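Could you look this model over with me before we meet? My notes are below, one topic per point.

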Amino acid sequence: MELLDSAAAIVSGTVAGGARVYVFLQRLGKAVGVGRVCLAGVEYRPKAGEVRLRILCEWTAGGIAGKEEGGQSVAYQPLPPGWAKRLMAGFPVHGRFPASPGSVLMVPVFCGSELRGILEFRSRVARRGWRRSDVGTLKAVAGILGSVMAGSGAPHAVGACSCAVVDDPTVPFCRLSPDGAIAYASDSFCALFYRARDDVIGISVSALFSPEIVKKLPNVAGFMVTPEFRAPGADGGKHCCRSVCRTFLDDRGAVCGYRVIGCKSTEFKQQEARSIGTDDRMFTLLAEAVYDAVVVLDRSARITYWNRAAEDLFGYTADEVVGHDAGQLFSPEHVHLLYLESFKHAVAAAAEGVVRLRFPDVSLVRKGGAVFPAALSIAAVLTRGAWFGIGVVRDTTAEKIREQAILTEAERIGTLLRIAARLNGGVPFDAALDLLCEETARALRVSGAVIYLYDLPGDLLAPARSFGVPEEVRKSLPPIPQALYEREVERQGSAFVIPDKRPWTDVASGKKMPGNPLRPLASAAILHGRTLIGALNVMTLDTPRSLSPEELTLLKGIADLAALAIADIRFSAERAGHEHQLQALLDEKTALLKEVHHRVKNNMQVIASLLSLQGRLTENAVARACIRESENRVKSLALAHENFYRSESIAAVDAGDYLLRLVNDLLRLYAPPVHVSVDVETEKGLVLPGDVAIPLGLLLNELVSNSLRHGFAGRSEGVIAIRIVRATNRRLTIEYRDDGAGIPGEFAARPPATLGLQLVRILAAQLEGTVTFRRGEPGTIVEITIGDGAGEGRMNHG
């Protein structure tokens with residue numbers, strides 16, 4: 001209102017001189033919060049939509065930049081698309097202007113019907129929002145300025161200002177004096193009461209409004225919405241009206257005037273009806289576009305709307321169900337009152353808002369009586385003063401079928417896993433067949449099950465085991481020719497229904513036919529690979545029934561488990577037979593090898609005995625010594641073979657036991673005059689294969705013999721120690737040590753070429769190793785290292 005008073009001051013002349021407009025622009029800019037306000041005149045150009053603005057006065061936040069008549073001419077080209085047309089049509093425009101970094105608002109200034117100027121407001125903010133009330137006020141200001149530029153008086157300018165304040169200029173509007181006389185009336189107000197302006201100005205408002213309305217005019221500042229009243233029309237009739245009255249007070253608090261905005265409530269009701277019709281059409285379009293059935297119910301659960309999807313789902317047309325109770329859509333066996341009463345109670349309990357109900361599993365019925373499962377969602381909405389329910393129905397038949405298929409498959413897999421678990425664990429053959437028959441009968445809920453197995457001599461499938469079938473009945477079951485069964489499998493598949501063509505009851509009497517009480521139902525081939533090894537048949541003692549495809553699939557799965565079980569049991573039996581045969585052959589081979597070692601040992605003993613006899617008959621001492629050494633070497637070989645046939649493994653000997661016995665036998669053979677103690681140390685579990693034990697035994701025989709002959713002369717006792725270790729690089733190291741006289745230094749560097757030492761070197765080379773002699777403290781140390789090949793290929797570490 002301060003801006004309007006400032007605009008009125010321009011007209012009334014209370015602001016003196018040329019600064020009146022600038023002061024007004026300054027107040028205007030500060031009031032709306034912009035940095036620049038400009039008043040410009042308009043010059044038209046030939047091009048359509050092109051205008052040229054000549055600045056008349058300008059205010060900026062940084063200081064005065066006013067322009068008098070004939071001031072700077074600035075071209076605003078090009079205007080954003082559509083701006084020129086909207087300005088010339090009388091509408092304000094705002095947005096981004098090409099030459100301005102901020103937001104721009106342009107308000108047209110009209111003198112009569114001609115565009116004469118522009119009020120321009122520029123903000124430093126790039127995206128400023130302009131409130132509708134601010135824009136309405138600025139339009140009023142532009143109206144006042146237009147009257148100034150046209151040279152009209154203040155009353156008309158103030159009237160234009162008051163009219164422009166109204167958001168919608170088409171709304172009827174008038175101003176009242178404190179005594180209730182009409183001081184100003186808009187064209188719309190005059191048209192509302194079908195009177196000319198001159199007939200309205202100055203008359204009392206009671207001539208137009210109801211006396212009850214006039215009595216209720218407030219005497220305090222504020223608004224009052226009047227009740228609906230009847231106003232006279234041009235044809236003598238009356239129409240319904242409603243108004244909003246605002247009271248204005250002066251500085252002393254007295255009423256100085258009223259502003260009244262009126263309207264025909266009849267037109268608003270018609271507009272509301274048109275809006276409701278538009279909403280109904282929009283709802284209909286949306287409801288017809290959805291896939292699910294949409295049903296609208298009133299608060300009494302009667303159907304008021306029925307879309308096309310509902311027609312397709314239920315089979316009823318809209319004419320057949322609209323106005324009827326929704327209970328006819330529920331299955332007779334289903335207690336539909338539960339859902340409808342829940343809807344009614346929920347609506348009755350809710351004072352306002354929305355009520356939502358959801359029923360995921362409902363049985364509904366189609367036209368003709370077909371029942372189907374569905375999911376039902378109901379939303380109760382309060383609209384137009386009444387409750388309505390919108391029900392959405394979705395057919396869940398396909399979902400139920402998928403769920404049932406999943407449950408059936410899970411049950412089938414669980415049954416097969418249970419059968420497989422029971423078969424696992426070394427079940428005997430007949431017990432496994434009985435278990436398969438029992439599980440088949442229980443899983444398929446039949447009276448009995450029989451397993452047929454292939455009989456090679458007769459080329460038949462003969463009944464082997466059964467469950468639920470008496471033994472005498474099972475024995476009387478005829479065998480099935482293999483060729484006939486294979487043709488049936490090729491024609492129908494590996495699991496098929498067996499047709500029973502015999503009559504179950506006598507047609508005349510209706511009694512059960514005598515004879516075999518078992519009737520076949522279905523059969524599944526037991527296939528190992530592609531080879532037919534048997535068949536699994538199910539039978540019934542009750543009224544015949546047909547197995548479903550799912551039950552045939554389960555029967556086929558059990559038959560596959562039977563094939564695996566039969567093949568596994570037979571393979572286990574065959575494998576056990578082969579293992580027994582192989583073990584017998586191995587035992588026979590072991591016995592033969594032990595016999596060979598025993599005979600070789602005996603032959604060696606014979607040779608040693610012959611050498612001993614020969615030595616006794618020889619008079620030459622040197623010859624007797626040579627013969628004795630040969631005898632010892634032969635006995636060493638005999639000892640190795642003896643250890644082989646006495647050990648658990650005929651291919652290897654324990655290193656510690658073998659070497660200890662070898663040294664002790666040599667002590668008994670030589671019977672030295674001194675007491676010699678023997679210490680043999682080996683890794684635990686070290687065994688030597690035959691091609692290592694025999695050369696190593698001969699090698700140690702030479703070393704021990706040499707110690708007993710030469711090392712302990714003139715002594716009363718001595719020690720021989722043998723240690724065998726495996727190095728980290730898998731080399732085998734044998735250290736031989738005695739505490740005798742020892743060897744001279746030149747002997748360690750170059751041992752003499754005696755037969756015994758030559759044998760030591762030859763045997764060490766045979767074992768892919770080396771031999772080293774050195775003096776001990778005291779005694780002699782001999783270190784023998786076997787190469788990698790001997791260590792990895794010929795020795796084991798148990």
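**Notes on the model**

1. Start with the Arg366–Asp395 pair. Arginine 366 is partly exposed, with a relative accessible area of 24%; here buried means under 20% relative accessible area, exposed over 50%, and partly exposed in between (1.4 Å probe, protein chains only). Aspartate 395 is also partly exposed, at 28%. The two form a salt bridge, with the closest N and O atoms 2.8 Å apart. This pair links distant parts of the chain, 29 residues apart: arginine 366 sits in the loop between β16 (354-365) and β17 (371-383), and aspartate 395 in strand β18 (residues 386-395). By salt bridge I mean a side-chain nitrogen of Lys or Arg within 4 Å of a carboxyl oxygen of Asp or Glu. Helices (H or I, at least four residues) and strands (E, at least two) are DSSP runs, numbered from the N terminus.

2. Some ground rules before going on. This is a predicted model, so local features need pLDDT of at least 70 and side-chain atom pairs count only at pLDDT 80 or more, while totals for chains, interfaces and linings use all residues. Residues are numbered from 1 along each chain as its sequence is written, and side-chain values use heavy atoms, with hydrogens and water left out.

3. How many salt bridges does the rule give? The count comes to 20. One of the others I looked at is within a helix: the side chains of arginine 442 and glutamate 438 meet at 2.9 Å, N to O. Both belong to helix α14 (residues 429-444), and because they are 4 residues apart there, about one helical turn separates them. What about their burial? Arginine 442 is exposed, with a relative accessible area of 52%, whereas glutamate 438 is buried at 16%.

4. The pair between arginine 774 and glutamate 735 deserves a look on screen. Their closest N and O atoms are 4.0 Å apart. Arginine 774 lies in strand β30 (residues 769-775) and glutamate 735 in strand β29 (residues 732-738), so this salt bridge ties together parts that are 39 residues apart in sequence. Arginine 774 is partly exposed at 33%, while glutamate 735 is buried at 16%. Both also belong to a network of salt bridges that links Arg723, Glu735, Arg737, Arg774 and Glu783.

5. Next, strand β19 (residues 448-455). Is it enclosed or open? It is largely enclosed by the rest of the structure, because 6 of its 8 residues are buried. Strand β19 runs antiparallel to strand β24 (residues 531-540), and 6 bridges join them; leucine 453 has glycine 534 of β24 as its bridge partner. With strand β20 (residues 460-467), β19 pairs in the antiparallel sense over 7 bridges, and isoleucine 451 stands opposite arginine 465 there. Pairing here requires that DSSP finds at least two bridges between two strands.

6. Helix α20 (residues 690-711) checks out on length. Its 22 residues should span 32 Å at 1.5 Å a residue, and its end C-alpha atoms are 30 Å apart, which agrees. The expected span is 1.5 Å times one less than the number of residues. Since 17 of those 22 residues are buried, α20 is largely enclosed by the rest of the structure.

7. Two backbone oddities to check. Arginine 445 has a positive phi of about 55° although it is not a glycine; it is found in the loop between α14 and β19 and counts as exposed at 59% relative accessibility. Glutamate 768, also not a glycine, has a positive phi of about 55°. Its place is the loop between α22 (755-766) and β30, and it is partly exposed at 45%.

8. On the surface, Met282, Leu285 and Leu286 make a nonpolar patch of about 340 Å². Leucine 285 is in helix α9 (residues 265-289) and is exposed, with a relative accessible area of 59%. Patches are made of residues with over 30% relative accessible area and no salt bridge, where like charges are joined within 9 Å and nonpolar side chains (Val, Leu, Ile, Met, Phe, Trp, Tyr) within 5 Å. Accessible areas come from the Shrake-Rupley method with a 1.4 Å probe; for residues, only the protein chains shown count as cover.

9. Last, the cysteines. Searching the whole structure finds 0 disulfides, a disulfide being a pair of cysteine sulfur atoms within 2.5 Å. Cysteine 38 is buried at 1%, whereas cysteine 626 is partly exposed at 43%.
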